[in-house]
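Here are my notes on this one, set out as numbered points. Keep the structure open beside you as you read.

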Amino acid sequence: MSLLSKKEYTEITVSAICREAEISRGTFYLHYRNIPEVIDALFDKALGGTHSMLAQIGCAAMKDERCAYPLCHFLRENTKYQSLFFSDSLRSLVIDRIAAHGFHHFAEHVKHQSTYSEEELFSLFCFQLSGCLTVIKHYRNISDEAWTGIQCTIDKLLKVGFQGL
């Protein structure tokens, strides 16, 4: 995580990980075959226990005036994971990993309210997720009060959009 906060994923080497972690290459290879396995382990750790949070991507589970963007809250509160989720070189992988954890719940809820195909629902899910990650990344350092204002504005738009499905 420390290296991701300083470099893009594509620039990180096994040697750099070993130096940062103060371990030998042999120790690294006892636990991982390659850097993608390290990234997978980091995602597993970050996303562990977040199934209910991820099910709310796209406000599919919205029952009141605000969907509360649980992913936004998670990333604002767990700053150690921001470099993983906000890495430009990992963007596609981030969306794929979150989709693997949360798309099924989203689709189950939304498909009962619409006539969209699975492919169309996946496109909506990815669109919402990508926008969510972009907004969090851009506004990660603003005050909670300012964030709440932005979140409320987006929530209003999404509520109308998802009600229109």
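1. Start with Cys126: is this residue buried or exposed? In this predicted model, Cys126 has a relative accessibility of 17%, and because anything under 20% is called buried, Cys126 goes in the buried group. Cys18 is buried as well, with a relative accessible area of 5%. Seeing cysteines, you might want to look for disulfides; a search of the whole structure turns up zero.

2. Now step back to the whole chain. How many helices and strands does the chain have? There are nine helices and zero strands, so if you walk along the sequence you read α-α-α-α-α-α-α-α-α. Of the 165 residues in the chain, 41% are buried. Take the contacts in the chain with a separation of 6 or more: 65% of them come from residues 24 or more positions apart.

3. A word before the helix pairs. To describe two packed helices, you give the angle between their axes and the distance between those axes. Have both in mind for the next three points.

4. Cys126 comes back here, in the packing of helix 7 and helix 8. The axes of these two helices are 9 Å apart, at an angle of about 125°. Why call the pair oblique? An angle of about 125° is over the 65 to 115 range for roughly perpendicular but not over 145, where roughly antiparallel begins, so helix 7 and helix 8 count as oblique to each other. Helix 7 passes helix 8 in a right-handed crossing. On the helix 7 side, the contact includes Val94, Ile98, Phe103 and Phe106; on the helix 8 side, Leu121, Phe125, Cys126 and Leu133 are among the residues taking part. Sorted by class, this contact has 15 nonpolar, three polar and three charged residues.

5. Helix 7 (residues 91-111) also packs with helix 3 (residues 35-47). Here the angle is about 45° and the axes are 11 Å apart, which makes helix 3 oblique to helix 7. Which way does helix 3 cross helix 7? The crossing is right-handed. Helix 3 brings Ile39, Asp40, Phe43, Asp44 and Leu47 to the contact, while helix 7 brings Leu93, Val94, Arg97, Ile98 and His101. The class count for this contact is six nonpolar, one polar and three charged residues. If you look back at point 4, you'll spot Val94 and Ile98 in the contact with helix 8 too.

6. Next, helix 5 (residues 70-77) and helix 8 (residues 118-139). Their axes come within 10 Å and cross at roughly 35°, and the crossing is right-handed. Which residues make the contact? From helix 5 they are Leu71, Cys72, Leu75 and Arg76, and from helix 8 they are Leu129, Cys132, Leu133, Ile136 and Tyr139. By class, that gives eight nonpolar, no polar and one charged residues. Leu129 and Leu133 are worth finding on screen, as both are also listed for the contact of helix 8 with helix 7.

7. Finally, have a look at Lys45, which lies in helix 3. Is Lys45 buried or exposed? The relative accessible area of Lys45 is 59%, and because over 50% counts as exposed, Lys45 is exposed. Then find Tyr81: Lys45 and Tyr81 are 36 residues apart along the chain, and their C-alpha atoms are separated by 9.7 Å.

Definitions and conventions. Residues are numbered from 1 along each chain as its sequence is written. This is a predicted model: local features need pLDDT of at least 70, side-chain atom pairs count only at pLDDT 80 or more; totals for chains, interfaces and linings use all residues. Side-chain values use heavy atoms; hydrogens and water are left out. A disulfide is a pair of cysteine sulfur atoms within 2.5 Å. Buried means under 20% relative accessible area, exposed over 50%, partly exposed in between (1.4 Å probe, protein chains only). Axes are lines fitted to C-alpha atoms, for helices over the stretch in contact, and angles run from 0 to 180 degrees between N-to-C directions. Helices (H or I, at least four residues) and strands (E, at least two) are DSSP runs, numbered from the N terminus. Angles under 35 degrees count as roughly parallel, over 145 as roughly antiparallel, 65 to 115 as roughly perpendicular and the rest as oblique. A crossing is left-handed if the near helix is turned anticlockwise from the far one by less than a right angle, and right-handed if clockwise. Contact means heavy atoms within 4.5 Å. Ala, Val, Leu, Ile, Met, Phe, Trp, Tyr, Cys and Pro count as nonpolar, Asp, Glu, Lys and Arg as charged, and the others, Gly among them, as polar.
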